[in-house]
Amino acid sequence: MVSAADIVRHYPDDPDGIEWVTPQPPRPITVTAHDPAWATAYDGLAARVRRALGDGVLALDHVGSTSVPGLDAKPIIDLDLTVADSTDEPAYRTALEAEGFTLSLRERAWHEHRVFAHAEPRAHLHVWSPDCPEVVRHRLFRDWLREHPADRAAYAAAKHAAVDRLTAAGGGSGMDYNALKAPVVHEILGRVFRAHGLL
């Protein structure tokens, strides 16, 4: 069972905690207007995951900014996949790779997180074990943004400001981008957590 303390805990990005398996080529970070086709892209990707793993899919969700209608986003579909044990890669890796998902990285210290990349449509498939607090956070944040236009607008503004700063600095990583928008994310999450009685 996921505790409230686990759900509200913020984990800073840790570049030293990433074990790269298949590094992705660097690309400029862009944020575009919401594209309704992202929902259709998710449906297609989800069907491939379910075809690959069958009953091994304990939960599968469209998360991240592309899952929020009206929210500007990086054009990369994020999927949260819960399996019986994310550390048991033989149970899912080969089947997912046969469907075009390539294991990109492991973050063992962060809930034994795994990320698979998909080239077209661009997607990140996040693999977690049951009762992972990050999965709960993703759903709470997504659902809140869907229902609160002021916070949705504030988050979009933070995204564009982060891209502008990185562009002015000559570029940056995804972690740099996340760090720049983190204050707004944490502010919104604070409201989410209070509204759900978690703080």
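At roughly what angle do the axes of helix H4 and helix H6 cross? In this predicted model, the answer is roughly 95°, with the axes of H4 (residues 133–147) and H6 (residues 174–195) coming within 10 Å. Since angles from 65 to 115 degrees count as roughly perpendicular, H4 and H6 are therefore roughly perpendicular to each other. From the H4 side, the contact is made by Arg137, Leu140, Phe141, Trp144 and Leu145. H6 answers with Val185, Ile188, Leu189, Arg191, Val192, Phe193 and Ala195. Sort the residues of this contact by type and you get 10 nonpolar, no polar and 2 charged.

H4 also takes us to the sheet, as it lies across S2, S3 and S6, running at about 45° to S2. The sheet itself is open, with 6 strands in the order S1-S4-S5-S6-S3-S2 and mixed pairing. Strand S1 (19–20) and S2 stand at the edges with a single partner strand each, so one side of each has no neighbour in the sheet.

Walk inwards from S2 and you reach strand S3 (residues 77–82). Strand S2 (residues 59–63) runs antiparallel to S3, and 5 bridges join the two; here Ala59 stands opposite Thr82. S3 also pairs with strand S6 (residues 123–128), this time in the parallel sense, over 6 bridges. One spot to look at is Asp78, whose bridge partner in S6 is His124. S6 is in turn joined by 5 bridges to strand S5 (residues 113–118), and these two run antiparallel. Phe116 is the residue that stands opposite Leu125 in S6.

Is S3 enclosed or open to the outside? It is largely enclosed by the rest of the structure, because 6 of its 6 residues are buried. In a regular strand the side chains alternate between the two faces of the sheet. Here, Ile77, Leu79 and Leu81 point one way, while Asp78, Asp80 and Thr82 point the other way, and all are buried. So the burial of S3 takes in Asp78, Asp80 and Thr82 along with the rest of the strand.

Now add helix H2 (residues 37–53), which lies across S2, S3, strand S4 (101–107), S5 and S6 and runs at about 30° to S3. H2 matters for the next stop, the largest nonpolar core, which has 22 residues. In soluble globular proteins, nonpolar side chains tend to be buried together. The residues with the most contacts inside this core are Val49, Leu60, Leu81, Leu96 and Leu125. H2, S3, S4 and S6 each give two or more residues to the core, and the largest share, 7 residues, comes from H2. Zoom in on Leu60 and, leaving out residues up to four places away in sequence, you find Tyr42, Ala46, Val49, Arg50, Leu79, Asp80, Leu81 and Leu125 touching it. Apart from this core lies another, of 16 residues, including Val68, Leu145, Tyr155 and Leu189. Leu145 and Leu189 are familiar from the contact of H4 with H6.

Finally, have a look at Arg93, found in helix H3 (residues 93–98). Its relative accessibility is 26%, so Arg93 counts as partly exposed. Its contacts beyond four places in sequence are Val21, Leu103, Arg106 and Phe116, and Phe116 is the residue we met opposite Leu125. Arg93 and Ala52 are 41 residues apart in sequence, yet their C-alpha atoms are 9.5 Å apart in space.

How values were computed. Residues are numbered from 1 along each chain as its sequence is written. This is a predicted model: local features need pLDDT of at least 70, side-chain atom pairs count only at pLDDT 80 or more; totals for chains, interfaces and linings use all residues. Side-chain values use heavy atoms; hydrogens and water are left out. Helices (H or I, at least four residues) and strands (E, at least two) are DSSP runs, numbered from the N terminus. Buried means under 20% relative accessible area, exposed over 50%, partly exposed in between (1.4 Å probe, protein chains only). Contact means heavy atoms within 4.5 Å. Axes are lines fitted to C-alpha atoms, for helices over the stretch in contact, and angles run from 0 to 180 degrees between N-to-C directions. Angles under 35 degrees count as roughly parallel, over 145 as roughly antiparallel, 65 to 115 as roughly perpendicular and the rest as oblique. Ala, Val, Leu, Ile, Met, Phe, Trp, Tyr, Cys and Pro count as nonpolar, Asp, Glu, Lys and Arg as charged, and the others, Gly among them, as polar. Two strands pair if DSSP finds at least two bridges between them. A nonpolar core is a set of buried Ala, Val, Leu, Ile, Met, Phe, Trp, Tyr and Cys residues joined through side-chain atoms within 4.5 Å.
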